[in-house]
Amino acid sequence: MARYVASIDAGTMGVRCAIFDLTGKQVSSDYYETPTFYPRPGWVEQSAYDVIELAYKAVRGAIAKENIDAKEIASLSFTNQRTTMVPIDKDGRFLTNMLIWTIVVLTDI
């Protein structure tokens with residue numbers, strides 16, 4: 001029987017999973033900092049693979065902290081940084097790190 005909803009927030013500094021009961025009360029959460037790279041002045045990058053792995057880890061951690069049965073979670077939402085992008089190839093593999101706070105200028109369209 002569904003008793004909870006879960007939410008993942010992958011922000012600039014880290015990834016958090018919060019689990020709420022059906023009245024909206026937070027019953028558990030877990031958080032991990034995301035490794036960040038600064039390859040050049042003004043450039044900020046993160047690994048999409050790191051963010052995905054940390055999301056899984058945060059969900060597992062939030063479930064474990066309160067001994068929640070995953071079958072009791074009715075839904076899961078995910079939010080990520082709004083201006084982050086990561087190019088992928090035709091097979092869905094990431095080509096680079098995620099580019100944080102990106103402004104894309106398209107030319108020669």
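How many bridges join β1 to β2, and do these strands run parallel or antiparallel? Seven bridges join the two strands, and they run antiparallel. This is a good place to start a tour of the structure, which is a predicted model.

**The sheet**

β1 and β2 belong to an open sheet of four strands, arranged in the order β3-β2-β1-β5, with mixed pairing. The edges are taken by β3 (26-33) and β5 (73-80); each has a single partner strand, so one side of each is left without a neighbour in the sheet. On average, neighbouring strands here are turned by 10° against each other, direction ignored.

Let us walk through the pairs. Between β1 and β2 there is a hairpin, with three residues separating the strands, and Ile8 stands opposite Cys17 in β2. On its other side, β2 pairs with β3, again in the antiparallel sense, over seven bridges. In that pairing Gly14 stands opposite Glu33 in β3. β2 and β3 also form a hairpin, this one with four residues between them, and Gly24 in its turn has a positive phi of about 95°. The parallel part of the sheet comes from β1 (residues 4-10) and β5, joined by seven bridges. There, Tyr4 has Ile73 in β5 as its bridge partner.

Helix α1 (residues 48-65) packs on this sheet and touches β1, β2 (14-21), β3 and β5. The direction of α1 makes about 145° with that of β3. Is β2 enclosed or open? Six of its eight residues are buried, so β2 is largely enclosed by the rest of the structure.

**Salt bridges**

The structure holds five salt bridges. Three of them are listed here.

| Pair | N to O distance |
|---|---|
| Arg3 and Glu72 | 3.1 Å |
| Asp30 and Lys65 | 3.2 Å |
| Asp91 and Arg93 | 3.4 Å |

The Arg3 and Glu72 pair links distant parts of the chain, 69 residues apart: Arg3 lies in the segment before β1, and Glu72 in the loop between α1 and β5. Arg3 is partly exposed, at 42% relative accessibility, while Glu72 is buried, at 16%.

Asp30 and Lys65 also connect distant parts of the chain, strand β3 and helix α1, across 35 residues. Asp30 counts as buried because its relative accessibility is 8%, whereas Lys65, at 52%, counts as exposed.

Finally, Arg93 is partly exposed, with 48% relative accessibility. Through salt bridges that share partners, Asp89, Asp91 and Arg93 are joined into one network.

Terms used:
Residues are numbered from 1 along each chain as its sequence is written. This is a predicted model: local features need pLDDT of at least 70, side-chain atom pairs count only at pLDDT 80 or more; totals for chains, interfaces and linings use all residues. Side-chain values use heavy atoms; hydrogens and water are left out. Two strands pair if DSSP finds at least two bridges between them. Axes are lines fitted to C-alpha atoms, for helices over the stretch in contact, and angles run from 0 to 180 degrees between N-to-C directions. Contact means heavy atoms within 4.5 Å. Buried means under 20% relative accessible area, exposed over 50%, partly exposed in between (1.4 Å probe, protein chains only). A salt bridge is a side-chain nitrogen of Lys or Arg within 4 Å of a carboxyl oxygen of Asp or Glu.
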